[in-house]
Amino acid sequence: MKIVGVGCGPGMLTAEAARTLRGAALIYGSARAIALARDVFPPGCEVHEVADYRDLRSLPDRAVVLSTGDPMLAGLGYLPGDVIPGISSLQVAFARLKIPLTKAAVVTAHGKDHARAVADAREEVLRGRVVFLIADPAFDVQAFAAALPPETGVAVCEDLGYPAERIAVGTGAEPPAPRGDLFVVVAGEF
C-alpha cells in the first residue's frame with residue numbers, strides 16, 4: 001500500500017506524489033483528497049471514496065490511499081505501507097506568517113477533546129512555542145484565545161491553498177474568528 005499526501009490545497013501535489021498516482025490502478029480517498037489529485041489519475045484507474053476509515057487497514061497491497069496535506073501530520077501515515085509526503089497546512093500557514101517551523105508545536109483538536117487541546121496548546125505557548133492547532137468546525141477559537149495571555153498572537157488560517165484562502169491575525173485579547181469550517185489556529189509569539 002502507498003499513502004500519498006496530496007497537499008492541503010489545489011496545485012500542491014508534489015512531483016513524487018503525481019508520479020505515484022499516475023502509476024496507480026486502485027485509489028482510495030476522501031472526496032476532498034480525490035478532488036485535489038484527480039487531474040493526475042490514469043485512465044481506467046479504479047477510484048473509491050472512503051466511507052469508513054476503519055476499513056483502510058484491510059485494503060489490498062496495490063491500493064493507493066490519498067491523505068489531504070501530509071500523511072504524517074494528523075493524517076493517514078499510521079497505515080502500513082510507503083508514505084509519500086505532501087505539503088501540509090502547517091507548512092503553508094507558517095510560510096504565510098513567516099514563522100520558522102523549528103518553533104512549531106502541533107496540537108490537534110480535530111475530532112478530539114477540545115478542552116484538553118486548549119490546555120495542551122496553552123502549555124506550549126507558555127513554554128515559548130508557536131502552536132499549530134488543527135481545529136474542527138466546532139472548535140471555539142474565542143474560548144481558546146481566552147485561555148492565553150492577552151498579548152499572545154493568534155491567527156486563524158482558513159482554506160489554505162484555495163482561492164478563498166484567508167489569514168486573520170489578532171491577539172489573545174482580540175482574536176480573529178473563523179468564517180468557515182476548514183481552518184487551523186496558530187498561537188504564540190510571531
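**Entry 1: L101 and its contacts**

I started with L101 and looked up what it touches in this predicted model. Leaving out residues up to four places away in sequence, I found L90, Q91 and F94 as the contacts of L101. Where does L101 lie? I placed L101 in the loop between α3 and β6.

Next I asked myself whether L101 is buried or exposed. Neither word fits: the relative accessible area of L101 is 45%, and because buried means under 20% and exposed means over 50%, L101 counts as partly exposed.

I also checked L101 against P85. The two are 16 residues apart in sequence, and their C-alpha atoms are 16 Å apart in space.

**Entry 2: helix α3**

Two of the contacts of L101, L90 and F94, came up again when I listed the buried residues of α3. That list reads S89, L90, V92, A93, F94 and L97. What do these buried residues pack against? I noted β6, β7, β8, β9 and β10 as their partners.

I then followed the chain just past the helix. There K98 has a positive phi of about 60°.

**Entry 3: the sheet**

Now for the strands. I traced an open sheet of five strands, and their order is β6-β7-β10-β8-β9. The pairing in this sheet is mixed. Which strands are at the edges? They are β6, residues 104-108, and β9, residues 166-171, and each of them pairs on one side only. On average, neighbouring strands are turned by 20° against each other, with direction ignored.

A reminder to myself: strands of a sheet pair through backbone hydrogen bonds, either parallel or antiparallel.

I picked one pair for a closer look. Strand β8, residues 153-158, runs antiparallel to β10, and six bridges join the two. E158, for instance, has F183 in β10 as its bridge partner.

Back to the helix for a moment: α3, residues 89-97, packs on this sheet and touches β6, β7, β8, β9 and β10. The direction of α3 makes about 135° with that of β7, which covers residues 130-134.

**Entry 4: the largest pocket**

Last, I went looking for empty space. How much lies in the largest pocket? I wrote down about 830 Å³. The lining of this pocket has 31 residues, and R32, T68, A74, H110 and I134 lie nearest its centre. Three elements give two or more residues to the lining: α2 (31-37), β4 (64-67) and β10 (183-188). So β10 turns up in the sheet and in the pocket lining.

I sorted the lining residues too: 16 are nonpolar, nine polar and six charged.

Key
Residues are numbered from 1 along each chain as its sequence is written. This is a predicted model: local features need pLDDT of at least 70, side-chain atom pairs count only at pLDDT 80 or more; totals for chains, interfaces and linings use all residues. Side-chain values use heavy atoms; hydrogens and water are left out. On a 1 Å grid over the protein atoms alone, a cavity is a set of points where a 1.4 Å probe fits but cannot get out, and a pocket is an open set with protein on both sides within 12 Å along at least five of seven lines; lining residues have an atom within 4 Å of a point. Grid points are joined across faces, edges and corners, and a volume is the space filled by probe spheres set on the points. Helices (H or I, at least four residues) and strands (E, at least two) are DSSP runs, numbered from the N terminus. Ala, Val, Leu, Ile, Met, Phe, Trp, Tyr, Cys and Pro count as nonpolar, Asp, Glu, Lys and Arg as charged, and the others, Gly among them, as polar. Two strands pair if DSSP finds at least two bridges between them. Axes are lines fitted to C-alpha atoms, for helices over the stretch in contact, and angles run from 0 to 180 degrees between N-to-C directions. Contact means heavy atoms within 4.5 Å. Buried means under 20% relative accessible area, exposed over 50%, partly exposed in between (1.4 Å probe, protein chains only).
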